[in-house]
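These notebook entries record what I looked up in one structure. I began with a single residue and then moved outward.

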Amino acid sequence: MTIWIITTGNSDVQLKTHEQWEEFYEEVSYSENNDIGNSGVDFLDIQRDKLSNLFPVPARVLGIVYQNHLQENYGDLKFPLLDTFCEHFSGNNDETPSTIVVLLTDQKNIFINDEEELNEKVQKTESPYWQDTCKLEPILRQYFKEKNFKGELLFFTLTPISDNGLDHWENTLNVVEKTLEEVKEKLYSKLKHHPQETIYVSHQAGTPAISSAVQFVSLSKFPNVKFLCSNLFYEKERKSEPQLVDVSNYWRGMQIQKAKQLIIKGLPAAAKEILIGIVNDQTLAELNKIVDLFNINNSLPKGEEIQIKPEIHRVIIALDLVEIFFEQENYIQGVAILNATQETFLKAAILNQTKNINGYVVKLSSLVKWSERGLFIQSQRNIKKIINLQKPLDILSQLNFPVPEDNHSDFKFWNDYQRFEKKMFKLNNSRQFQWLCGLRQDLKKWQWQLLESSCQYKREGEEDLRNQLLHNLQGVKKRDLIKYLLGHKQDLINLITKDNKEDSEIVCQVYQDRVRKPFIKALKLFALLPEPPKENQLKLKLQEIANSLK
């Protein structure tokens with residue numbers, strides 16, 4: 001047994017002759033017991049279509065006019081699309097459906113002001129209201145009776161759930177999904193159909209939104225779907241023939257389109273799961289590389305010193321990632337990566353500095369060590385070995401190193417460093433920032449409020465968003481994130497948020513102007529990035545991979 005689901009549209013039933021039209025129409029037009037009589041709209045004058053040689057009439061009107069004349073005048077009616085579909089079953093008895101499900105439409109609820117008065121939109125003959133197919137049910141029942149259909153005939157009506165009609169894509173998808181779920185429940189419970197039975201779906205009739213939704217939802221709800229379509233061609237005159245669409249190719253195309261959107265939105269891991277078994281290994285390997293980028297995979301062997309060049313490459317990737325995460329409103333992950341990116345920058349910038357002292361070029365990379373535990377000043381013993389200096393503390397002073405004050409928590413560790421030649425001294429973010437500012441005074445002039453505020457040793461707990469997120473499992477409000485990115489500078493916050501923009505839009509703009517731009521400028525100033533990227537390279541790569549999917 002098989003099941004056949006059919007959508008219906010305005011041109012599915014037409015007149016072969018208009019000889020009876022005037023008489024039948026006047027019977028109902030003077031009555032107040034139907035939609036035509038109540039509306040005052042005149043459909044008396046109908047014209048022959050030159051291409052089909054038929055007389056098209058709006059579906060609601062035709063159903064009302066002919067519902068009482070089916071026994072004697074059924075021959076006046078023509079069913080162009082249904083006749084073509086039925087040709088397929090006439091030659092394939094094993095596939096003849098045991099149940100036919102017909103999807104009708106009724107948008108009356110969006111064109112009515114109250115129970116008695118029609119909205120003025122209905123006063124036009126071309127209104128979607130008149131194109132609804134709900135009044136065709138008696139005609140369609142007679143059609144399948146004439147075709148000697150012996151199975152179960154079920155009718156379901158698609159009704160808009162809001163003021164938007166059935167040409168609204170998102171709302172119509174919800175309507176179709178709900179309706180096909182009802183169809184599924186009735187088929188598999190009351191009628192005892194088996195879930196693996198073939199479901200033929202003819203979706204060409206109705207609005208584009210209905211057609212698209214029925215295609216999509218039927219594939220998601222039924223395991224064995226075949227699309228039965230009408231293929232139009234010309235041999236002196238227009239003809240049509242039934243055609244079964246290869247659903248595997250159609251399904252693959254849908255999966256590809258879904259994966260493309262996921263990739264462009266920055267969700268390559270989700271896209272990869274969809275594409276397994278659909279695309280070749282090379283494409284999956286490319287996606288795996290992108291997934292690794294999103295995870296900022298670290299291949300550094302444990303215990304080895306971190307190198308500047310690969311880390312700066314990761315910084316650029318991370319800046320691109322943060323932009324994508326903020327656009328997705330994935331703020332927690334964006335903040336976490338952004339903080340790690342700034343900390344990586346501080347360490348790399350210090351390592352990359354040189355200074356001429358008394359004719360001797362001192363590289364800071366000789367004085368500090370960057371490991372997975374953080375950034376450390378080398379022990380005095382190692383400094384003496386590396387750069388042959390007998391007084392390492394003097395050279396640090398000439399490099400404007402910010403010595404901890406006696407009331408600072410680092411003071412004890414600094415004393416130990418001075419006393420013991422084998423000791424290293426760990427540099428926290430605050431001291432790294434101070435040292436960089438001592439080496440390059442212009443760093444503080446760039447309106448990079450976030451870096452400056454993040455590197456303050458003492459700050460209010462509520463202002464330390466990163467700390468709240470990572471240690472207290474707090475959520476993120478958009479306005480709090482804007483304040484955080486602006487370093488809690490109240491005058492800037494007032495200036496930037498005074499316009500009536502959405503906070504999500506402000507977040508992305510603040511990130512671009514007040515974080516990414518000064519960040520890129522700093523990378524160039526500290527000779528870490530010869531040529532700054534003009535665009536988000538990760539976005540371009542995602543688009544390139546999406547475009548390559550076929």
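**Entry 1: Leucine 321**

I looked up the neighbours of leucine 321 and, not counting residues up to four places away in sequence, found that this residue touches Leu293, Phe294, Ile296, Ile337 and Leu538. I note at the outset that the model is predicted. Leucine 321 belongs to helix α12, which covers residues 308-327. Is leucine 321 buried or exposed? Its relative accessibility is 0%, so I recorded leucine 321 as buried, the limit being under 20%. I then checked a residue far along the chain: glutamine 537 is 216 residues away from leucine 321, yet their C-alpha atoms are separated by 9.8 Å.

**Entry 2: The whole chain**

I next turned to the chain as a whole. I counted 23 helices and 13 strands. The chain has 550 residues, and 47% of them count as buried. For contacts between residues at least 6 apart in sequence, I found that 70% join residues at least 24 apart. The exposed area of the chain is about 29,000 Å², and carbon and sulfur atoms supply 45% of that area.

**Entry 3: Aromatic rings**

How many aromatic pairs does a search of the whole structure find? The search returned 27. One of them is formed by phenylalanine 43 and tryptophan 130, an edge-to-face pair with 5.0 Å from centre to centre and 70° between the planes. This pair links distant parts of the chain, since its members are 87 residues apart. I located phenylalanine 43 in the loop between α2 (35-39) and α3 (59-66), and tryptophan 130 in the loop between β4 (97-105) and α6 (137-146). Phenylalanine 43 has 6% relative accessibility and therefore counts as buried. Tryptophan 130, with a relative accessible area of 0%, is buried as well.

I examined a second pair, tyrosine 417 and phenylalanine 425. Their ring centres are 6.3 Å apart and their planes meet at 55°, so I entered the pair as tilted. Both tyrosine 417 and phenylalanine 425 are buried. I also found one aromatic cluster made up of Trp4, Tyr74, Phe79, Phe85, Phe89, Tyr143, Phe144, Phe149 and Tyr200.

**Entry 4: Charges over rings**

I then looked for charges placed over rings. Arginine 60 has its charged end over the ring of tyrosine 129, at 3.9 Å from the ring centre. Arginine 440 lies over the face of phenylalanine 526, and here the distance to the ring centre is 5.9 Å.

**Entry 5: Aspartate 132**

Arginine 60 appeared again when I looked up aspartate 132. Leaving aside neighbours within four places in sequence, aspartate 132 is in contact with Ala59, Arg60, Thr105, Asp106, Gln107 and Lys108. I placed aspartate 132 in the loop between β4 and α6. Its relative accessibility is 1%, which means that aspartate 132 counts as buried. Which backbone atom does the side chain of aspartate 132 reach? I found the backbone nitrogen of glutamine 107, at 2.6 Å.

**Entry 6: Strands β11, β12 and β13**

Finally, I followed three strands. Strand β11 (residues 368-371) pairs with strand β12 (residues 374-377) in the antiparallel sense, over four bridges. A hairpin through two residues joins β11 to β12. Serine 371 stands opposite glycine 374, which is in β12. Strand β12 is in turn joined by three bridges to strand β13 (residues 425-427), and these two run antiparallel. The bridge partner of isoleucine 377 in β13 is phenylalanine 425, a residue I had already met in the tilted pair with tyrosine 417.

Conventions: Residues numbered from 1 in each chain as written. Predicted model: local features only at pLDDT ≥ 70, side-chain atom pairs only at ≥ 80, totals over all residues. Heavy atoms only, no water. Phe/Tyr/Trp six-rings, centres within 6.5 Å; stacked < 30°, edge-to-face > 60°. Buried < 20%, exposed > 50% of the residue type's maximum accessible area, 1.4 Å probe, protein only. Lys NZ or Arg CZ within 6 Å of the ring centre and 35° of its normal. Contact = heavy atoms within 4.5 Å. Areas by Shrake-Rupley, 256 points an atom, 1.4 Å probe, with all protein chains shown as cover. Pairing = 2+ DSSP bridges. Polar contact = N/O pair within 3.5 Å; in protein donor to acceptor, adjacent residues only side chain to side chain.
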